[in-house]
Structures are given as structure tokens and as C-alpha cells.
Amino acid sequence: MSDVAYIKTFLNIHSDFPKKGVAFCDIFPLFRNPLAFEALITHLIHRLTSYVIPTSPNGKIDVIVGLDARGFLLGPVIALRLGAAFVPVRKVGKLPGECVHATYEKEYGTDEFEMQADSIAPGQTVVIVDDIIATGGSAVAAEELVAKQGGNVLQYLFIAEVTFLKGAAKLNAPVYSMVQLSDERTQDERTQDE
């Protein structure tokens with residue numbers, strides 16, 4: 001079994017959560033199994049070191065940006081392994097000091113993100129990490145926050161992508177999703193296993 005197929009066995013779909021008509025992809029079973037979590041992190045690190053770092057203008061990734069809240073579970077581990085900084089993107093009102101802000105549309109409403117204003121230096125290379133890409137609104141907002149500080153997004157990294165919502169098409173950097181979910185009820189058997 002490939003690492004992607006193995007990881008996929010830990011993803012659960014919950015219908016009508018957080019509201020009716022929305023199907024929620026639960027990644028938390030991955031974190032209850034140390035081998036599955038290690039396989040996930042190793043796969044993502046391999047992706048970054050084999051495909052992203054070789055194309056980076058400075059030959060490295062300076063910053064991993066993790067989206068509130070599940071990006072916080074992946075981002076620090078990835079940043080630590082790469083020797084990169086970790087920068088959180090939070091919902092508005094959760095960070096101290098001066099912050100930059102971006103509003104976005106998500107699958108079931110509108111929200112606002114913020115990032116501390118001195119988090120990314122102009123010209124730094126950035127990878128944006130989250131668990132799932134659905135409509136792409138939160139990832140677009142994260143890119144806007146990085147751009148406001150002069151950072152350069154090299155890649156978006158997700159565990160899974162809800163393909164029918166076409167969120168990846170809204171992003172201005174390459175997207176890597178380990179698992180593609182073809183509709184709101186089932187997980188597609190297609191994967192990007194490199």
C-alpha cells in the first residue's frame with residue numbers, strides 16, 4: 001500500500017457538519033496513530049525537498065505559514081524539519097500587536113484572517129499549509145497576507161482537496177493535495193502519489 005493510500009484510510013467524512021449540506025473531512029484519526037502521522041509528515045517533507053526547494057529562488061523555504069487551526073498541527077512540524085520559521089494565520093482578534101488583515105469567503109460563510117505584521121520579511125519564500133482546500137477562500141486570504149508583507153508563495157500544501165469546489169483554481173501558486181475528494185459524500189480513489 002502506498003503512503004497516500006495508507007493515509008487516506010484515516011480520513012473520515014461526516015455529513016451535515018458543521019451545518020446541513022456540508023460534508024466535513026475529519027483528519028484527526030491521523031493524529032491518533034503515530035505511524036500514520038509520521039507517514040503524512042514524511043510524505044509532505046519529501047514533496048517539498050524534491051519538488052519545491054529545487055525551484056526556490058534562494059534554494060530554501062524561509063517560512064511555513066499554517067492556517068487556523070488545523071494548519072497549526074502540520075506547520076510547526078514541517079517548519080522544524082526544514083529549518084524554516086513557522087507563522088500562524090489566525091482568525092481576527094487572536095494575535096497581539098500590529099497585524100495585517102484579509103477577509104474571505106468560505107464554504108459556509110464569511111470570515112477574516114490576520115497575521116502579525118512583522119512575521120515575514122520582503123522576499124522570503126513561503127509555503128502555505130492547511131488540512132483541506134475546499135472553496136479556497138482561506139488559502140487566498142493567507143496568500144494576501146503573505147503578499148502584504150512582501151513574501152513569495154512557492155507552494156500550497158494540503159492533505160486533501162475537495163475537487164468539485166475548484167478552490168485550487170483561485171490560487172496563484174502551485175497546489176499539492178495528497179488526496180482528492182470528488183464530492184461531498186465519498187472520497188475519490190484518485191490520488192497524487194509521487
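In this predicted model, valine 65 stands opposite isoleucine 128 of strand 7. The two strands that carry this pair, strand 3 and strand 7 (residues 125–133), are joined in the parallel sense over four bridges. Strand 3 itself spans residues 63–67 and is mostly covered, with five of its five residues buried. Its side chains are worth a closer look. In a regular strand, side chains alternate between the two faces of the sheet. Here, Val63, Val65 and Leu67 point one way, while Ile64 and Gly66 point the other way, and all are buried.

Strand 3 also pairs with strand 4 (residues 85–91), to which it runs parallel, through five bridges. Within this pairing, glycine 66 has proline 88 as its bridge partner in strand 4, and leucine 67 is matched with valine 89. The connection between strand 3 and strand 4 passes through helix 4 (residues 71–82), giving a β-α-β crossover that is right-handed. Strand 4 is in turn paired with strand 6 (residues 109–116), this time in the antiparallel sense and over two bridges. Arginine 90 is found opposite glutamate 114 of strand 6 in that pairing.

Helix 4, the helical part of the crossover, packs against helix 3 (residues 34–52) at an angle of about 55°, and the axes are 10 Å apart. With angles of 65 to 115 degrees counted as roughly perpendicular and those under 35 degrees as roughly parallel, helix 3 and helix 4 are therefore oblique to each other. Their crossing is right-handed. On the helix 3 side, the contact involves Phe37, Glu38, Leu40, Ile41, Thr42, Leu44, Ile45, Leu48 and Thr49, which meet Leu73, Leu74, Val77, Ile78, Arg81 and Leu82 of helix 4.

The loops hold some details of their own. Most residues other than glycine have a negative phi, and most peptide bonds are trans. The bond from phenylalanine 17 to proline 18, however, is cis, with omega near 5°. Proline 18 belongs to the loop between strand 1 (12–15) and strand 2 (23–26). Aspartate 16 is found in the loop between strand 1 and strand 2, and its phi is positive, about 60°, although it is not a glycine. This aspartate 16 counts as partly exposed, because its relative accessibility is 42%. A cis peptide bond also leads from aspartate 68 to alanine 69, with omega near 0°; alanine 69 sits in the loop between strand 3 and helix 4. Lysine 166, in the loop between strand 8 and strand 9 (175–181), has a positive phi of about 55° without being a glycine. Its relative accessible area is 56%, so lysine 166 is exposed.

Glutamine 149 occupies the loop between helix 5 (137–148) and strand 8 (152–162). With a relative accessible area of 7%, glutamine 149 is buried. Leaving aside neighbours within four places in sequence, its contacts are Val100, Met115, Gln116, Ala117, Asp118, Ser119, Ile120, Ala121 and Pro122.

Towards the start of the numbering, aspartate 3 lies in helix 1 (residues 3–8). Aspartate 3 counts as partly exposed, at 29% relative accessibility. From C-alpha to C-alpha, aspartate 3 and leucine 171 are 26 Å apart in space, with their positions 168 residues apart in sequence.

Terms used. Residues numbered from 1 in each chain as written. Predicted model: local features only at pLDDT ≥ 70, side-chain atom pairs only at ≥ 80, totals over all residues. Heavy atoms only, no water. Buried < 20%, exposed > 50% of the residue type's maximum accessible area, 1.4 Å probe, protein only. Pairing = 2+ DSSP bridges. Right-handed = clockwise from strand over helix to strand, strands pointing away. Axes fitted to C-alpha atoms, helices over the stretch in contact; angles between N-to-C directions. Parallel < 35°, antiparallel > 145°, perpendicular 65-115°, else oblique. Left-handed = near helix turned anticlockwise from the far one by under 90°. Contact = heavy atoms within 4.5 Å.
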